[in-house]
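Visitor: I would like to learn how to read a model of this kind, feature by feature. Where should we begin?

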Amino acid sequence: MPGRYLGLRGGPRLWPQLSVTSLREAARGQLMAERILGKTLATVSLSVALASVTVQSSGCCSIPACRNTFSSCGFHLSSNIMSSSNGAKGNSHNKARTSPYPGSKVQRSQVPNEKVGWFVEWQDYNPVEYTAVSVLAGPRWADPQISESNFSPKFNEKDGHIERKSQNGLYEIENGRPRNPAGRTGLIGRGLLGRWGPNHAADPIITRWKRDGSGNKVTHPISGKNILQFVAIKRKDCGEWAIPGGMVDPGEKISATLKREFGEEALNSLQKSGVEKRELEEQLHKLFSQEHLVIYKGYVDDPRNTDNAWMETEAVNYHDETGEIMDNLTLEAGDDAGKVKWVDISDQLQLYASHSHFIKLVAEKRDAHWSEDSETECRGL
């Protein structure tokens, strides 16, 4: 227990000098110190876990959250964050504090960097409450309001078919509501998010090697590394190029979400005939049954986050080494995607939210070309 380091320091020789009242006061002080330190260490643990992925921010338009739209808007917690203990630093926890709130005119209460952390005392903190009408209407993907008598969510555990566990460990519950593990956002309620607490998404990154007319891998003339390509979609809502992806349905495995979302957005599976869907499913099974790389999993700094609801995602890379599987699949935009195409991977990419950094991680893992700058190539994570 952390508290053992905060015990009475005087040693046995001082005990006779202490009254019973003094001992009780000292014990209460020690217990309070243990609780504070325990919570602080839990917060630091979140930051340390997330520190393994260093992410740079990129542009993102403020957009409403359609049920199956890719949900990783914003950039991910990085080694610069000691989220709730020291407050946000630099570019950390920015997207979750932006105004107006996506799809509305709601202005968040302003949260300065030094007051993001929950363990920074702020008696005057007065966040705005907002939950979108579309969420309050009670669609199947949304929770009821906390105040409803028949709603008793099991936070921090699997609640029936609904996953309420966070990928970053336990989160605090205050006044019956989950508390954002990354800190204050200036807004309470759920905003556009359906679930109280973590809202889980999955993002498939499909890659292949770029090849010339003879089928040989294309090497970048400066870096000398092979060029990797990935399947990108152009979002209908904000017109930016992005990785396909969407929300995990209750009871659905992440692997199923990854395959379903790629099929819907990059192959237009929802509009296929029965025969076409069976053929498509056969090819998708080959692609998604291969070995894969989990690029990132955990909390996402998303503009839809609130003090009580936040996004988490798992980004996974499926690589078609020979290109033969994807040769048998015709890209066709569907669902939330307006366009779809293969895109060469490099540091020149301008993608939605933090997707460029996910792609950079894939390039590094596959030892593919990323930058013409040799220092950038060698820096790694």
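Guide: We can begin with the largest nonpolar core of this predicted model. This core has 23 residues. Those with the most contacts inside it are Ile206, Val231, Phe262, Leu284, Leu287, Phe288 and Met326.

Visitor: Which elements give two or more residues to this core?

Guide: The strands among them are β7 (197-209), β8 (228-235), β12 (309-320) and β13 (337-344). The helices are α4 (254-266), α5 (274-288) and α6 (324-327). The largest share comes from α5, with four residues.

Visitor: Which residues does methionine 326 touch, not counting residues up to four places away in sequence?

Guide: Methionine 326 touches Ile206, Val231, Phe262, Leu287, Asp320, Leu331 and Trp342. Apart from the largest core lies another core, of 20 residues. Tyr296, Ala315, Val343 and Leu361 are among the residues of that other core.

Visitor: Now a single helix. How many residues does α4 have, and what does α4 reach from its first C-alpha to its last?

Guide: The reading is a comparison of the span with what is expected at 1.5 Å a residue. α4 has 13 residues and reaches 18 Å, close to the 18 Å expected.

Visitor: Is α4 mostly covered or mostly uncovered?

Guide: Burial is counted residue by residue, with under 20% relative accessible area as the cut-off. In α4, 10 of the 13 residues are buried, so the helix is mostly covered. The buried residues are Thr257, Leu258, Lys259, Arg260, Glu261, Phe262, Gly263, Glu264, Glu265 and Ala266.

Visitor: At what angle do the axes of α4 and α5 cross?

Guide: The axes come within 11 Å and cross at roughly 130°. That makes α4 oblique to α5, because an angle counts as roughly antiparallel over 145 degrees and as roughly perpendicular from 65 to 115. The crossing of α4 and α5 is right-handed.

Visitor: Which residues of α4 and α5 meet?

Guide: From α4 they are Leu258, Lys259, Phe262 and Gly263. From α5 they are Glu281, Leu284, His285, Leu287 and Phe288. Phe262 is thus a residue to look at twice: it meets α5 here, and it is listed with the most contacts inside the largest core.

Visitor: Why is α7 largely enclosed by the rest of the structure?

Guide: Nine of the 11 residues of α7 are buried, so the helix is largely enclosed. The buried residues are His355, Ser356, His357, Phe358, Ile359, Lys360, Leu361, Val362 and Ala363. What covers them includes β7, β8, β9 (241-242), β11 (292-300) and β12. Leu361 also belongs to the core of 20 residues.

Visitor: How should I read the backbone angles?

Guide: Most residues other than glycine have a negative phi, and most peptide bonds are trans. The exceptions are what to look for. Asparagine 268, just after α4, takes a positive phi of about 55°. Aspartate 367 follows α7 and also has a positive phi, near 55°. Aspartate 367 lies in the loop between α7 (355-365) and α8 (374-379).

Visitor: Is asparagine 175 buried or exposed?

Guide: Asparagine 175 is exposed, because its relative accessible area is 75% and the cut-off for exposed is over 50%. Its phi is near 55°, a positive value in a residue other than glycine. Asparagine 175 is found in the loop between β4 (173-174) and β5 (177-178).

Visitor: Which peptide bond is cis?

Guide: The bond from serine 99 to proline 100 is cis, with omega near -5°. Proline 100 has its place in the loop between α2 (83-86) and β1 (128-131).

Key
Residues numbered from 1 in each chain as written. Predicted model: local features only at pLDDT ≥ 70, side-chain atom pairs only at ≥ 80, totals over all residues. Heavy atoms only, no water. Buried < 20%, exposed > 50% of the residue type's maximum accessible area, 1.4 Å probe, protein only. Core = buried A, V, L, I, M, F, W, Y, C linked by side-chain atoms within 4.5 Å. Contact = heavy atoms within 4.5 Å. Expected span 1.5 Å × (residues − 1). Axes fitted to C-alpha atoms, helices over the stretch in contact; angles between N-to-C directions. Parallel < 35°, antiparallel > 145°, perpendicular 65-115°, else oblique. Left-handed = near helix turned anticlockwise from the far one by under 90°.
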